[in-house]
Amino acid sequence: MGKDVKSYSKKEKAAAIMVGTALVAAPFLFDSTQVDAETISTPPPTEAPTPTFYASNDKLGDTFVPQSGNIDILDLNLIYKKNIYDYPSFTVTSSNDAIAFNEPGYDSSGLLKIHPVSSGTATFTVIINSCEIDTFHVTVDPSISVERKFDINDAVKKITTSPNEYALPADVGLLLSNIGPMKPPGTKLGNHAPELLPDQIHDYNLEEGQLVHLYDSLSTYFNDSDEDMVSVDVIQIHDDQQTGYPAAYLENLAEGATDYWVLNAYRPGVSKFAIVARDGNGGVTESQPFTVNVYPKQPPFPNVDNSIVNHLLQQGNKLNLSSSSELDLSEIFYDAIDGTNLTYAVDVNYGCGNVTTLNMPASILSFSNIAQISGNPGPFTVTNLKATDKDNLPVNFSVNIKLETAQNDFNKKMTPTFNMYESNEAGVSDYTIDPAKYFFDSGKSLVGIQQHHEENESVTASVYQSNKIKFVAGTSPALSSRIKLLSSTSGGQEWFQNDIVFNLIEPEITSGTIKVNLNTLYPYFLGTDWDNFTTNFSSNVLVSSTASVAPYYSGSYVITIDDIQNTSTVLTIDPDANKANSGSRTFTIPILRPNN
């Protein structure tokens with residue numbers, strides 16, 4: 001009686017075929033670096049012929065990607081062991097863009113970013129320096145939510161479904177070669193990808209021709225917890241609305257080793273960018289896309305960040321400029337492209353309905369400038385401020401600005417120049433004043449302070465205790481500062497601008513005696529003030545450490561300081577101490593002991 005013949009299932013047949021080819025296919029399963037055909041030895045001709053397997057150059061293996069969802073961006077330089085400083089030229093093509101393709105602009109930066117379109121399989125080809133070196137398959141599967149690699153289960157499924165296509169071990173070997181590593185070659189175990197720092201990326205609205213400096217190094221947008229060196233690529237994202245040259249470029253205008261990244265608004269339109277960071281260990285992070293809207297070149301316009309401009313924009317409002325004050329038109333107008341490189345003109349009414357346009361040689365509007373240009377003694381009323389950029393685009397700002405003669409000035413208690421003692425190692429020199437009591441005319445109150453904010457300003461000013469001004473001196477006597485004080489009547493429609501130019505001085509030292517001149521600190525210090533000051537001297541002048549302090553008069557009002565016990569002391573001078581106005585005009589002056 002003969003043996004019973006066992007019938008094998010398709011799956012068992014597939015397993016038998018795979019076991020029969022396992023030894024030959026083993027290199028593809030255990031080594032992510034594939035074996036070239038030439039490295040497979042040919043057995044002696046006396047033995048039974050063994051099939052030769054022509055392995056794919058595939059470094060990645062076939063992959064399944066969702067139709068929507070996150071897909072990792074891969075570093076092709078790392079995968080194919082190319083040094084970015086050798087400037088390898090990558091191109092990634094797809095056999096069917098209707099199924100999937102590599103995002104435009106990414107391959108030129110050595111990056112793979114698969115863009116799925118519809119269900120199906122497309123063959124991707126990697127080309128380096130015009131040579132095709134790799135192919136792999138990308139299957140878009142709408143049923144999955146995350147990307148996954150082609151694995152042994154997929155291979156078994158293919159053989160089970162179509163066993164006749166894999167009847168030969170060579171076919172099975174080629175199929176198995178499509179199984180790639182779980183992680184791309186070069187990926188370091190435990191590596192963390194760079195992280196995009198929050199609030200770094202945003203959209204931009206620019207004018208044609210405008211340049212905006214971002215960072216010297218775009219890697220500052222990212223943090224790497226592994227402290228890897230992060231390199232950054234800028235991807236210009238192309239969409240259906242972009243034709244011809246991009247509306248904007250993100251460029252590195254570096255000179256030498258120092259990066260200098262700027263946004264260059266090239267033409268009206270819309271451009272989109274993304275910034276990609278990679279750490280050289282397989283970690284790749286992409287910023288969210290950001291949009292640059294480029295608008296046609298605009299003329300200059302009134303700078304609404306300036307409080308004077310906002311005041312003059314209101315119907316019926318007026319500005320009175322004292323005879324020693326200045327209005328810098330480069331602060332009145334703003335131009336995103338030309339900055340302060342504008343030309344200016346003003347319409348001036350001389351008081352008899354005679355309005356003349358005067359071209360300004362510079363940006364400063366003042367009584368003396370208008371008088372010099374016009375040859376008219378004044379007073380003047382300026383009815384229009386005009387600015388024109390280098391493209392001859394003009395703007396006209398209708399205003400009501402009165403420039404008064406010196407004899408008719410307002411707030412005459414204010415002096416146009418003011419001296420303060422400098423700060424030093426002993427402490428900070430400052431002056432606190434209530435302007436309503438000692439600067440402004442009756443009925444006027446402080447509405448604002450304006451000054452240049454530069455590091456080397458000799459004096460800075462700020463509102464103090466809501467109704468006072470505190471002036472703080474620096475440490476550079478050679479410098480001066482112009483500070484604008486703005487006051488207003490109760491209605492608020494009429495403003496008055498008084499400029500004070502501050503100079504820093506040092507105390508006079510004569511034969512070891514330090515002298516502080518009150519005429520310098522209080523320009524309108526009168527004899528009656530001096531009598532009251534000396535009578536209550538111990539209250540009006542305080543010292544922080546032991547020193548001999550006394551009033552002295554010899555044509556000017558002086559405080560003398562001798563016998564400083566420590567290396568320094570600080571004087572606090574308040575002529576109104578113990579009175580209703582106490583603290584309304586107080587100086588703090590640091591004093592260093594002279595070298596004996």
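## Close-up views of strands, a helix and salt bridges

**View 1. Strand β15 (residues 248–252) and strand β16 pair in the antiparallel sense, with five bridges between them.** Strands here are DSSP runs of E with at least two residues, and helices are runs of H or I with at least four, numbered from the N terminus. Two strands pair if DSSP finds at least two bridges between them. What you see is a predicted model, in which local features need pLDDT of at least 70, side-chain atom pairs count only at pLDDT 80 or more, and totals for chains, interfaces and linings use all residues. Residues are numbered from 1 along each chain as its sequence is written, and side-chain values use heavy atoms, with hydrogens and water left out. To find your way along this pair, look for Glu251, whose bridge partner in β16 is Val262.

**View 2. Strand β16 (residues 261–265) is mostly covered.** Five of its five residues are buried, where buried means under 20% relative accessible area, exposed means over 50%, and partly exposed lies in between (1.4 Å probe, protein chains only). Follow the side chains and you will find Trp261, Leu263 and Ala265 pointing one way from β16. Val262 and Asn264 point the other way, and these residues are buried as well. Strand β12 (residues 211–213) also pairs with β16, in the antiparallel sense and over three bridges. Here Leu211 has Asn264 of β16 as its bridge partner.

**View 3. Strand β42 (residues 585–592) is largely enclosed by the rest of the structure, because seven of its eight residues are buried.** Which strands pair with β42? One of them is strand β30 (residues 430–433), which runs antiparallel to β42 and is joined to it by four bridges. Asp430 is a handy landmark here, since you will find it opposite Thr588 in β42. Strand β41 (residues 568–573) pairs with β42 too, in the antiparallel sense and over six bridges. To spot this pairing, start at Ser568, which stands opposite Leu592 in β42.

**View 4. Helix α3 (residues 152–161) has Asp154, Ala155 and Ile159 as its buried residues.** Seen down the axis of α3, these buried residues fall within an arc of 135°, so they line one face of the helix. That arc is the one spanned by the directions from the helix axis to the C-beta atoms. What lies on the other side of α3? There you will meet Asn153, Lys157 and Thr161, which are exposed.

**View 5. The side chains of Asp154 and Arg148 meet in a salt bridge, at 2.9 Å from N to O.** A salt bridge is a side-chain nitrogen of Lys or Arg within 4 Å of a carboxyl oxygen of Asp or Glu. You have already met Asp154 as one of the buried residues of α3. Its relative accessible area is 11%. Arg148 is partly exposed, with a relative accessible area of 32%.

**View 6. Glu326 and Arg482 bring their side chains together in a salt bridge, at 3.4 Å from N to O.** Glu326 lies in strand β22 (residues 326–328) and Arg482 in strand β34 (residues 480–488), so this pair ties together parts that are 156 residues apart in sequence. Are the two partners buried or partly exposed? Glu326 is partly exposed, with a relative accessible area of 23%, and Arg482 is partly exposed at 26%.

**View 7. A salt bridge joins the side chains of Asp499 and Lys484, at 3.5 Å from N to O.** Asp499 sits in strand β35 (residues 494–505) and Lys484 in strand β34, so the pair ties together parts that are 15 residues apart in sequence. Asp499 is buried, with a relative accessible area of 3%. Lys484 also counts as buried, at 9% relative accessibility.

**View 8. Lys297, Asp335, Asp338, Asp389 and Lys390 are linked in a network of salt bridges.** Take a moment to pick out the two Lys residues, Lys297 and Lys390, and then the Asp residues of the network, Asp335, Asp338 and Asp389. How many salt bridges does the structure hold? The total is 17.
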